[in-house]
Amino acid sequence: MQLVADHIATKISADIPVWDIDPYDAEILRNPAPYYVELRKRGPFVHIPRYAILACGRFNETREVFSDWQRFVSSRGVGLTDFQVAPSWRKPSIVLEVEPPYHTRTRTVISRALSPRAMSVLKDAFAERANALVDDLVERGEFDVVPDLAEAFPVSVFPAAVGLQEIDTRALVDFGAFGFNALGPDNALRSAALERGPQIMPWIMKHCKREALAPGGFGETIYAAADAGELTEDEAAMLVRSLLSAGVDTTVTGIGNAVWCLASNPGEFEKLKRDPKLARPAFEEALRYTSPVHSFCRTASVDTTVGGVDIPQDTKILCVLGAANLDEDQWPEARYYKVDRRPVGHLAFGVGIHGCVGQNVARAEAEAVLTAIASKVGSIEFVSEPVWRPNNAIHALDSMRVRFTLRNS
Ligand code: HEM
């Protein structure tokens, strides 16, 4: 058995196009659009020899692999490492990286914590915070969207909703970012992430303990499941931590990318201003258009076939959600951002049993921010060229200086 990039190098059929590319190259991570186009063009799957993986970017095949948890498991890791043959840098997630029946048990508890009822209680607080933040930014005029809005908003509402009583913005945002970088190959991004991890973990561990959490938050519901015997105390603590690892950096990215879409498409922003009820579809379209989680892996648990292509058992498959969400065969004029497209079925939140359990939190946060922007901001102008931050699994901005002008009416 030969291992490459910490997984089994299976014998890939010579019929599958070989593509000598590094999908984790920093330039591709910053500007993935040409890579997405080429990946779809080359076929339903390509063989990338340097990592001994298959990669897919057409909508149908990506959806099939990503959603079929029996043939394409997550429990062997959603990054390049196959937990069956190589150790994980940390304990695998007990929700993202497990299969039923265990998955059903942990997922049920998280879903209960993030229930529509729990969310409806937070809606007003989200709107109030978004309005205050956008008022302040309009008054400042010029600012950097990444720290001042995309990070500032989720960090000020979400950890508190979990029950955290202290906020350390860098620890909270970087906790997600380093976990996502760790999913990639042994490159500079992953090394930096593995170095950063031990610096952040003690803070996260301390603030996610039962006794550290304020009552009434998502965390309390999760610990109540431990009291009821549904989970162990350790499992409850892990689930609370997974809310923070999966729920901060992702929404920071989603909100930043949505503002980038509006700033880049003034005509679409005008439509949103005319009808602020488009805030939610405008966010959904920004997710489709920019895919904050650009790619995650699956591992084939059996010999199987997808889209007429034979896939051997044990193969690691890079599911490029960013490419699938821009597939013209699925989304006519996919290369355009349209606030009123309503892209039902996009893959930015995943699909199937692992589909994002926090999607309603993300939507509620983004809707609050985009509604505030639509009602208060006249125009969004770039002050300088936006800069993207390479990450092995996330497509996020590093900085984006803009000017908000006051809306007249
Ligand atoms: C724009 C924001 C977000 C994006 C783009 C996003 C994206 C995703 C994606 C693509 C998956 C599927 C992973 C897979 O199938 O392997 C996922 C799962 C997950 N997300 Fe999110 N997410 C976002 C926000 C959130 C938030 C706010 C939370 C927590 C409140 C959260 C918690 C989770 C968890 C726990 C899972 C694992 C679910 C499971 O395996 O059953 N996410 N997310």
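A residue is counted as near a molecule if one of its heavy atoms lies within 4 Å of that molecule. The structure is a predicted model, in which local features need pLDDT of at least 70, side-chain atom pairs count only at pLDDT 80 or more, and totals for chains, interfaces and linings use all residues. Residues are numbered from 1 along each chain as its sequence is written, and side-chain values use heavy atoms, with hydrogens and water left out.

The ligand is surrounded by 29 residues, of which His103, Arg107, Arg298, His354 and Cys356 come nearest. By type, this shell comprises 20 nonpolar, 7 polar and 2 charged residues, where Ala, Val, Leu, Ile, Met, Phe, Trp, Tyr, Cys and Pro count as nonpolar, Asp, Glu, Lys and Arg as charged, and the others, Gly among them, as polar. Helices (H or I, at least four residues) and strands (E, at least two) are DSSP runs numbered from the N terminus. Helix 10 (233–247) is among the elements that supply at least two shell residues each, and helix 10 gives the most, with 3 residues.

The iron atom of the ligand has a single protein donor, Cys356 (SG), at 2.3 Å; donors are N, O and S atoms within 2.8 Å of the metal (3.2 Å for Na, K and Ca), and sites may look incomplete because water is not among the atoms. Cys356 is located in the loop between helix 14 (321–324) and helix 15 (359–376).

A polar side-chain atom of His103 lies 2.7 Å from an oxygen atom of the ligand. For Arg298, an N or O atom of the side chain is 2.7 Å from a ligand oxygen atom.

Conventions. Polar contact = N/O pair within 3.5 Å; in protein donor to acceptor, adjacent residues only side chain to side chain.
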